Amino acid sequence: MEQLLELAKHAALEAGKAIMEVYAQPFEVYTKDDDSPVTQADLRASNIIKEILKPTGLPFVSEEDLPPDRSQFKRYWLVDPLDGTVEFVNRNGEFTVNIALIDDKQPVLGVIYAPVTNQLWYAVGTHCVCPPVTQRTHAVRPYTVLVSRSHRTPEVDAYINKVLRPTHPDLVIDTQGSSLKFARLAEGSADVYVCYSKTKEWDTAAADAILRAAGGKILRISDGQPLEYSKKEYPNPPFVAWARIS
């Protein structure tokens with residue numbers, strides 16, 4: 001697994017270089033069939049990651065490279081080559097490269113790379129490595145709830161007011177793009193992320209592996225159970241991601 005992790009980290013870093021090359025110049029934005037944006041950076045990053053991971057012999061599933069059927073894949077790569085394309089297009093720097101290894105329908109390895117800040121979060125099994133931050137204590141910061149910068153919905157605010165605010169009346173809400181929200185939970189600089197927007201398995205898989213290793217969790221709002229992977233369809237249901245509860 002350590003060799004797979006090193007390969008995934010290398011793939012994320014190389015994809016990040018390609019993304020930044022596109023980011024540094026004018027680029028075209030195209031619209032996919034589901035009305036989501038895509039750029040040359042998405043496509044270049046996906047191809048780079050696929051090529052680097054190819055020697056593993058494992059199936060490759062990417063947002064930009066979907067197989068017609070993955071039902072027979074017990075172990076495979078699940079990749080979002082550029083998570084936060086809207087943030088990339090808006091040039092606010094809040095986008096990431098996400099690489100996960102799925103084994104028996106569970107994310108067991110995850111890498112998140114933020115090219116703009118050159119920060120890398122990764123985990124394999126129960127071992128998690130995050131960039132260092134100030135030790136989390138409620139004495140130095142308030143209870144922090146994260147919401148999407150570009151995809152916040154009324155349901156998110158309703159959940160915060162109904163479920164979180166009664167026990168944390170002084171909570172603060174912070175906006176963040178892409179998987180950086182999960183990274184902040186893993187490193188301990190925020191407490192919870194509420195999501196009702198449309199996400200897919202590749203949006204959460206790497207983050208799920210990292211957050212689990214850091215002692216956190218991602219749970220479906222409907223029944224409080226963990227997110228499922230290798231489903232027949234890729235969309236996730238609404239969920240809440242929690243940092244480690246100390």
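In the predicted model, E228 is placed in the loop that runs between strands β12 (217-220) and β13 (239-242). With a relative accessibility of 47%, E228 counts as partly exposed, because the partly exposed class lies between 20% and 50%. When residues up to four places away in sequence are not counted, E228 touches E201, R220 and N236. The C-alpha atoms of E228 and A205 are 9.5 Å apart in space, and these two residues are 23 apart in sequence.

The protein as a whole contains six helices and 13 strands. A compact globule of 246 residues would have a radius of gyration near 18 Å, and the value for the protein, 17 Å, agrees with this. Along the principal axes, the C-alpha atoms fill a box of roughly 50 × 40 × 35 Å. Of the 246 residues, 52% are buried. The accessible surface comes to about 11600 Å², and carbon and sulfur atoms account for 52% of that surface. Among contacts between residues at least 6 apart in sequence, 64% join residues at least 24 apart. The protein has 27 positive and 32 negative charges, and the mean positions of the two sets are 4 Å apart.

Nine aromatic pairs are found in the structure. In one of them, F88 and F95 have ring centres 5.1 Å apart and planes at 75°, so the pair is edge-to-face. F88 and F95 are both buried. Ring pairs also join F88 and F95 with Y23 and F27 in a cluster.

A further edge-to-face pair is formed by F182 and Y193, with 5.2 Å from centre to centre and 80° between the planes. This pair links distant parts of the chain, eleven residues apart: F182 belongs to helix α5 (residues 180-187) and Y193 to strand β11 (residues 192-195). F182 counts as buried at a relative accessibility of 5%, and Y193 is likewise buried, with a relative accessible area of 5%.

The helix that carries F182 is itself largely enclosed by the rest of the structure, because eight of its eight residues are buried. The buried residues of α5 are L180, K181, F182, A183, R184, L185, A186 and E187. Just after α5, G188 takes a positive phi of about 90°.

Most residues other than glycine have a negative phi. R91, which is not a glycine, nevertheless has a positive phi of about 55°. R91 is found in the loop between helix α3 (85-90) and strand β5 (96-103), and its relative accessibility of 41% makes it partly exposed. D104 is also not a glycine and has a positive phi of about 50°. The position of D104 is in the loop between β5 and β6 (106-114).

On the other side of α3, G84 lies in the loop between strand β4 (75-83) and this helix. G84 counts as buried, with a relative accessibility of 15%, since the buried class takes in residues under 20%. Not counting residues up to four places away in sequence, G84 touches E94, F95 and S178; of these, F95 is one of the rings in the aromatic cluster. G84 and D65, 19 residues apart in sequence, have C-alpha atoms that are 17 Å apart in space.

Strand β7 (residues 119-124) includes L120. At 19% relative accessibility, L120 counts as buried, because the limit for that class is under 20%. Leaving aside neighbours within four places in sequence, L120 is in contact with K9, V111, I112, Y113, V129 and P131. The separation between L120 and Y76 is 44 residues in sequence and 21 Å in space, C-alpha to C-alpha.

How values were computed:
Residues numbered from 1 in each chain as written. Predicted model: local features only at pLDDT ≥ 70, side-chain atom pairs only at ≥ 80, totals over all residues. Heavy atoms only, no water. Helix = DSSP H or I, 4+ residues; strand = E, 2+ residues; numbered from the N terminus. Rg over C-alpha atoms; globule rule 2.2 N^0.38 Å. Buried < 20%, exposed > 50% of the residue type's maximum accessible area, 1.4 Å probe, protein only. Contact = heavy atoms within 4.5 Å. Areas by Shrake-Rupley, 256 points an atom, 1.4 Å probe, with all protein chains shown as cover. Lys, Arg positive; Asp, Glu negative; His and termini not counted. Charge placed at Lys NZ, Arg CZ, Asp CG, Glu CD. Phe/Tyr/Trp six-rings, centres within 6.5 Å; stacked < 30°, edge-to-face > 60°.
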